[in-house]
Amino acid sequence: MTTVSEISKLEGLNEPQLQAVKTIDGPLLILAGAGSGKTRVLTRRIAYLIGDIGVPPWRILAMTFTNKAAGEMRDRVEGLLDRPSRGMWIGTFHSVCARLLRTEHEAAGLGPNFSIYDSTDQLAVVRKVLKASGMSDKDFPPKQVRGRIGQAKNMMSDPDGFARTAHSYYEKQVADLYRGYQAELEASNAVDFDDLLMKSVRLLNDHPAVLKKYQERFEYILIDEYQDTNRPQYLLTRHLAASHQNLCVVGDDDQSIYAWRGADIRNILDFERDYPETTLIRLEQNYRSTQIILDASNAVIANNEGRKGKRLWTDRKGGEPIRLRWTFDEQDEARWLVTTVQELKGVGGLALREQAVLYRTNAQSRAIEEQLVRANLPYVIVGDVKFYERREIKDVLGYLRLIDNPLDVVSLARVINTPRRGIGDTSFNRMMDFAAGTGEGPYGLLGRAEEIPDLSRAAAAKMKRFWAMIEAFREKADQIDVAELTLEVLKATDYAQSLGAAGQEEAEGRRRNLEELLANIEGYVDRAEDTSLGAYLREVSLMADVDEWDDRADALTLMTLHSAKGLEFRAVYITGLEEGLFPIVRAWDEEEEDSTEEERRLFYVGITRAKERLFLSHARQRRRFGGTQACHPSRFLAEIPERLLDEGRRVREVSVAEPARSRRDASPVRHVEVEPSATPTRPQGDLFSDPESDDAEDGVGGDGETGSLSTETGAWVIHPYWGRGVIEARSGSGGDTKLTVRFQGVTKKIVLRYARLLPG
DNA sequence: ATACCCTTCATTTTT
DNA sequence: TGAAGGGTAT
């Protein structure tokens, strides 16, 4: 019997999609080709479970890889249902694990408000452990060590396990570092991204009662992008699904492009072996691309072995042929891109936001950007400088994290002298050494800093003041929301001003970022149920920048092929199709064959992003690592049947290179890639503008002429870092003149010879 | 505190 | 090539 609600939820689905929605019992593997309506199936399936089968939302668990995917899924499910889907767990693997560990923190051996360390924080810990163990960062490059630790965690290997399998000297040393690293995290009540997964699996492994609780609760489990799961994610899924076995995984083995990060394609290839009762459904009808584009993608991917096998088709016959362009060099390629993009916009009527340029490496964006700037074409780079990795953002979040979790040593080290408050490395290290000896955490010690031996009274006093400030915030944190708290922190620390004087471009940029952060936080407070500091940190710690990408602006999108997964554009340009670049080769890489297959999948992902038009380009020579390399066409190009290519371009031609222009006239300014969201109401708007800015702007940016500088007391000066200030005292003469200058908020002693003071 | 000089190192990066 | 990070002189 078909109910009315069923009709609305199931209408417009093709036969396999319908089966995928309605097959709710037992393991289900949905092989969803690119553009085959995967998200549609997932959301309708959840709506069907709740709305028609009557499954309570809290019995459903859905895990994705990105916040964006999770958010979209939740929104669409709620749109299909007439009631809210409260209690349903829809989130990224990491957020689900964080929630699990938070709820079961005692069994997991964590404090309730543990910090989540990102890769920069990890690096700080590795450096610290490296120093403590006396090893050289030449022999053990921190990034490499971090990488090895991550690999170990991806294989569920803890320090003991790692040490057992470490045979070489290098590996044994790394095992020691791993042990120290983990001890640091523990002392800081912190976990890294990999820990979220690994510790969750451990929790379920070691605590049968906890395992049972969640196994029984989650009657229906859905996993998106299953081809990208790593070992811990695979184990987590298996644990949770073991009792009900109502596990639905969606994926495409042909789009597995993260093996280098620990994703194991065997998870999807062996699904039917892991779950013998599996129903297999293939979604092969593509609703995105033209026949031509699909033919190209099918032809390319057919060269891979060990696939589940599937063939995309569409009932939209024909389409524009694929255009192949052989250019002289990367500049020529970029010029061709600009012309073609403009042509498609003008004659073809394709808005810039409908077009995307894809490349294998971020470095390739430069030449393209130069030409776009020259042509005045607006563009957006996805995944360039990450918002949450910017110094000023990390600093402010460092304060917030420390207030929430005072054991967080990485955050403490980050902010204790930011802005500078005279607690230098020496004092800090003495404090840390003493703390290590007492076995007490460093934060508590700050409040009794006078007990620390060898510490100057001045340093101790500064530490106590810092501690008292944080303590005051900790008390307030329970009473006010996170937006108010952040404002208080900014005010009390004078952080915005410490970034530099008004008019300095870099400082102003950083202040704009602070404003954006504040807007985000205020947005969070408006939307969230729990507006506390802790709740906010739980969300923001797992934020990535793709989540911020604004695709409404009418600008050309530039991004790596990896970033393009899951997106679609009417026109797609895949550039740099040259041997060595795409497929990329690394001089000392072993498994050549495996990596070529993954590169090919990456090409497949790129091709299948295109709805109507596909452009491919390669250059005859390209500047890389400073030198100019002769380039040969990518092997992948030969895998595209000739008949699919544009008639005129089948004979590959070399376009005439423009005479080299002066390199000077290309603007070095990179675009800001994130559109600032709506400006919030901010009562204390003056936090970001220098109170003296009206006057100061005239002075800064002058030509550095200091001849007319008056060093009399009472005279106004401008310091490039501290801004405008008034001279309170003077001693010495000539270059040795020392001035005491009162700036906004701070008074500084300045040696005239070293400071670049301007008349104010 | 900061300018500047040196070396080093350049795939991809959902959290 | 050129950016970033470390070290050192002023």
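At what angle do helix 26 and helix 27 pack, and how far apart are their axes? I started there. The model is predicted, and I kept that in mind throughout.

**Entry 1: helices 26 and 27**

I looked up helix 26 (residues 505–527) and helix 27 (residues 533–540) and found an angle of about 115 degrees, with the axes 11 Å apart. That makes helix 26 roughly perpendicular to helix 27. I noted the crossing as right-handed. On the helix 26 side I listed L517, I521, Y524 and R527, and on the helix 27 side A535, Y536 and E539. Sorted by class, the residues of this contact are five nonpolar, no polar and two charged.

I added a reminder on helix geometry. An α-helix has 3.6 residues a turn, so residues three or four places apart point the same way.

**Entry 2: the chain as a whole**

I then took the totals. Chain A holds 30 helices and 21 strands. Of its 760 residues, 52% are buried. Among contacts with a separation of 6 or more in chain A, 75% are between residues 24 or more positions apart.

**Entry 3: helices 3 and 4**

I went to the N-terminal side of the numbering for helix 3 (residues 38–53) and helix 4 (residues 67–80), whose axes come within 9 Å and cross at roughly 50 degrees. That makes helix 3 oblique to helix 4. The crossing is right-handed. Helix 3 brings T39, R40, L42, T43, R44, I46 and A47 to the contact, and helix 4 brings M73, R76, V77 and L80. I recorded six nonpolar, two polar and three charged residues for the contact of helix 3 with helix 4.

**Entry 4: helix 18 and its surroundings**

Which residues of helix 18 are buried? For helix 18 (residues 365–375) I wrote down S365, A367, I368, E369, E370, Q371 and L372. These buried residues pack against helix 17 (330–346), strand 10 (355–359), strand 11 (379–381) and strand 12 (556–560).

I followed up the helix 17 partner. The axes of helix 17 and helix 18 come within 8 Å and cross at roughly 45 degrees. That makes helix 17 oblique to helix 18. I found this crossing to be right-handed. The contact uses E330, Q331, A334, R335, L337, V338 and Q342 from helix 17, with A367, I368, E370, Q371, L372 and A375 from helix 18. The residues of the contact of helix 17 with helix 18 comprise seven nonpolar, three polar and three charged.

Next I checked what follows helix 18. N376 comes just after helix 18 and has a positive phi of about 65 degrees. N376 belongs to the loop between helix 18 and strand 11. With 67% relative accessibility, N376 counts as exposed.

**Entry 5: another positive phi**

I also looked up Q245, a residue other than glycine with a positive phi near 65 degrees. Q245 sits in the loop between helix 13 (231–241) and strand 7 (247–251). Its relative accessible area is 30%, so I marked Q245 as partly exposed.

**Entry 6: cis peptide bonds**

Where do P419 and P583 lie? I found a cis bond between T418 and P419, with omega about -5 degrees. P419 is in the loop between helix 20 (409–415) and helix 21 (425–438). The bond from F582 to P583 is also listed as cis, with omega near 10 degrees. P583 is in the loop between strand 13 (569–574) and helix 29 (592–607).

**Entry 7: cysteines**

How many disulfides does a search of the whole structure find? The search returned zero. I checked C97: the closest cysteine sulfur is in C248, 19 Å away, which is too far for a bond. C248 is likewise in no disulfide, and its nearest cysteine sulfur is that of C97. C97 counts as buried at 1% relative accessibility, and C248 is buried at a relative accessible area of 0%.

**Entry 8: D192**

I closed with D192, in strand 5 (residues 190–192). D192 is buried, its relative accessible area being 0%. D192 and S119 are separated by 73 residues in sequence, and their C-alpha atoms are 7.9 Å apart. Setting aside neighbours within four places in sequence, I listed Y117, Q122, K153, Y181 and L185 as the contacts of D192.

How values were computed: Residues numbered from 1 in each chain as written. Chains lettered and ligands numbered in written order. Predicted model: local features only at pLDDT ≥ 70, side-chain atom pairs only at ≥ 80, totals over all residues. Heavy atoms only, no water. Axes fitted to C-alpha atoms, helices over the stretch in contact; angles between N-to-C directions. Helix = DSSP H or I, 4+ residues; strand = E, 2+ residues; numbered from the N terminus. Parallel < 35°, antiparallel > 145°, perpendicular 65-115°, else oblique. Left-handed = near helix turned anticlockwise from the far one by under 90°. Contact = heavy atoms within 4.5 Å. Nonpolar A, V, L, I, M, F, W, Y, C, P; charged D, E, K, R; others polar. Disulfide = S-S within 2.5 Å. Buried < 20%, exposed > 50% of the residue type's maximum accessible area, 1.4 Å probe, protein only.
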